[in-house]
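Reader: I have a structure open on my screen and would like to learn how to read it. Could you walk me through it, one feature at a time?

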Amino acid sequence: MTSIISIRDVHKTYASGHVALKTITLDIREGEIFALLGPNGAGKTTLISIICGIVNPSGGSITVDGRDIARDYRFCRSMIGLVPQELSTEMFESVWATVSFSRGLFGKKKDPAHVEKVLRALSLWDKKDARIMTLSGGMKRRVLIAKALVHEPRVLFLDEPTAGVDVELRKDMWQIVRRMRDDGVTVILTTHYIEEAEEMADRVGVIAKGELILVQEKTELMQKLGKKQLTLELPEPISDIPASLAPHALELAPGGTALVFTYDTKAGRTGITRLLNDMREAGIGFKDLATSQSSLEDIFVDLVRQSK
């Protein structure tokens, strides 16, 4: 798949000496949804700001559609739409005026039909004459997306797109993002909501302490790093795990009603058969069992912990 953004050896050290980004090399594929995950202070916003031309890197290079962002700034910036976390627009302006003005900022000719198309796609058409200050938080968030899309960018950055919105609106926003991807827009999002990345992303990148520690197809990531848990419900509660079962690294559920066995899905042998044999020899039976797959959140927490 063709890369729309190529990042090569980009790093950033501020005048204070703070290293915000270590050497980052990354390709963003055209037409994908790429989720960038990381704790606060990991370098997500710095990386996005550099790509969007808001912050200068200390070194390295970035191209957008094959054009260097430093040499062809206007072209590259016109290719990109950015939806920040905070609404920064004139609160007394109407939705129509605000979105139309954003199109003009990028040198695009007036196109009322396109502005209408964007507003309708984001369920904002009925609010076109409303002042920004009168809108709900969710509607203001939609205005931010409309402002970022109205100049017809091929790449859209979403910085925490659903922060502070309710669950219903969050799911609605997910549908909007998928529609944009279907229309050929490449979407890069940062999020603290792990389920957001799990729901939408094609690929996931994990950044910690300014370093990109992993980039992987989401499905491959969960298969490769995911673990499963086998929960064995006991017929009677026990107070301690027998010493003979120590090699299995079992966990005793609260109340002693179940044993939890975690195994690696990558391993050729899971160890379940040996566990059941050892339990039988220890005189411990079970009345029911269930398995569960680790979530993307579990994987993310493990990766960040390993990077410390």
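Reader: Let me start with one residue. Is Gln85 buried, partly exposed or exposed?

Author: This is a predicted model, so take everything here as computed from it. A residue counts as buried under 20% relative accessible area and as exposed over 50%. Gln85 has 35% relative accessibility, so it counts as partly exposed.

Reader: Where does Gln85 lie, and which residues does Gln85 touch?

Author: Gln85 lies in the loop between strand S6 (80–83) and helix H3 (95–105). Leaving out residues up to four places away in sequence, Gln85 touches Arg141, Leu144, Asp159 and Glu160. Take Glu160: Gln85 and Glu160 are 75 residues apart in sequence, yet their C-alpha atoms are 5.9 Å apart in space.

Reader: What share of the chain's contacts comes from residues far apart in sequence, at 24 or more positions?

Author: Counting contacts with a separation of 6 or more in the protein chain, 70% are between residues 24 or more positions apart.

Reader: Now the strands. How should I think about pairing in a sheet?

Author: Strands of a sheet pair through backbone hydrogen bonds, either parallel or antiparallel. Here, one open sheet has four strands in the order S2-S1-S4-S5, with antiparallel pairing. Strand S2 (19–29) and strand S5 (67–68) stand at the edges with a single partner strand each, so one side of each has no neighbour in the sheet.

Reader: How many bridges join each pair in that sheet?

Author: Let's go along the order. Strand S1 (residues 3–13) pairs with S2 over seven bridges, and Lys12 has Leu21 as its bridge partner in S2. S1 and S4 share five bridges, with Ile7 partnered by Ile62 in S4. Two bridges join S4 to S5, where Val64 stands opposite Arg67. The hairpin of S4 and S5 has two residues between the strands, and Asp65 takes a positive phi near 55 degrees there.

Reader: Which helix packs on this sheet?

Author: Helix H1 (residues 44–51) does, touching S1, S2 and strand S4 (59–64). The direction of H1 makes about 120 degrees with that of S1.

Reader: How many residues of H1 are buried?

Author: Seven of the eight, which leaves H1 mostly covered. The buried ones are Lys44, Thr46, Leu47, Ile48, Ser49, Ile50 and Ile51. After H1 comes Gly53, with a positive phi near 80 degrees.

Reader: And parallel strands? Which ones pair with strand S8?

Author: Strand S3 (residues 33–37) runs parallel to S8 and is joined to it by four bridges. Strand S7 (residues 155–159) also pairs with S8 in the parallel sense, over five bridges. For landmarks, Ile33 has Val187 as its bridge partner in S8, and Val155 has Thr186.

Reader: Which way do the side chains of S8 point?

Author: The general idea first. In a regular strand the side chains alternate between the two faces of the sheet. In S8, Thr186, Ile188 and Thr190 point one way, while Val187 and Leu189 point the other way. Five of the five residues of S8 (residues 186–190) are buried, so the rest of the structure largely encloses this strand.

Reader: How do I go from single buried residues to a core?

Author: In soluble globular proteins, nonpolar side chains tend to be buried together. In this chain of 308 residues, 43% count as buried. The largest nonpolar core has 40 residues, and Leu119, Ile145, Leu156, Leu158 and Met180 touch the most other members. A second, separate core of 28 residues includes Leu47, Ile51, Cys52 and Ile80.

Reader: Pick one of the core residues: which residues does Leu119 contact?

Author: Beyond its neighbours within four places in sequence, Leu119 is in contact with Val95, Trp96, Val99, Leu124, Trp125, Lys128 and Ala146.

Reader: I work with cysteines a lot. How many disulfides does the structure hold, and are Cys52 and Cys76 buried or exposed?

Author: The structure holds zero disulfides. Cys52 is buried, because its relative accessible area is 1%. Cys76, at 2% relative accessibility, also counts as buried.

Key
Residues are numbered from 1 along each chain as its sequence is written. Side-chain values use heavy atoms; hydrogens and water are left out. A nonpolar core is a set of buried Ala, Val, Leu, Ile, Met, Phe, Trp, Tyr and Cys residues joined through side-chain atoms within 4.5 Å. Buried means under 20% relative accessible area, exposed over 50%, partly exposed in between (1.4 Å probe, protein chains only). Contact means heavy atoms within 4.5 Å. Two strands pair if DSSP finds at least two bridges between them. A disulfide is a pair of cysteine sulfur atoms within 2.5 Å. Axes are lines fitted to C-alpha atoms, for helices over the stretch in contact, and angles run from 0 to 180 degrees between N-to-C directions.
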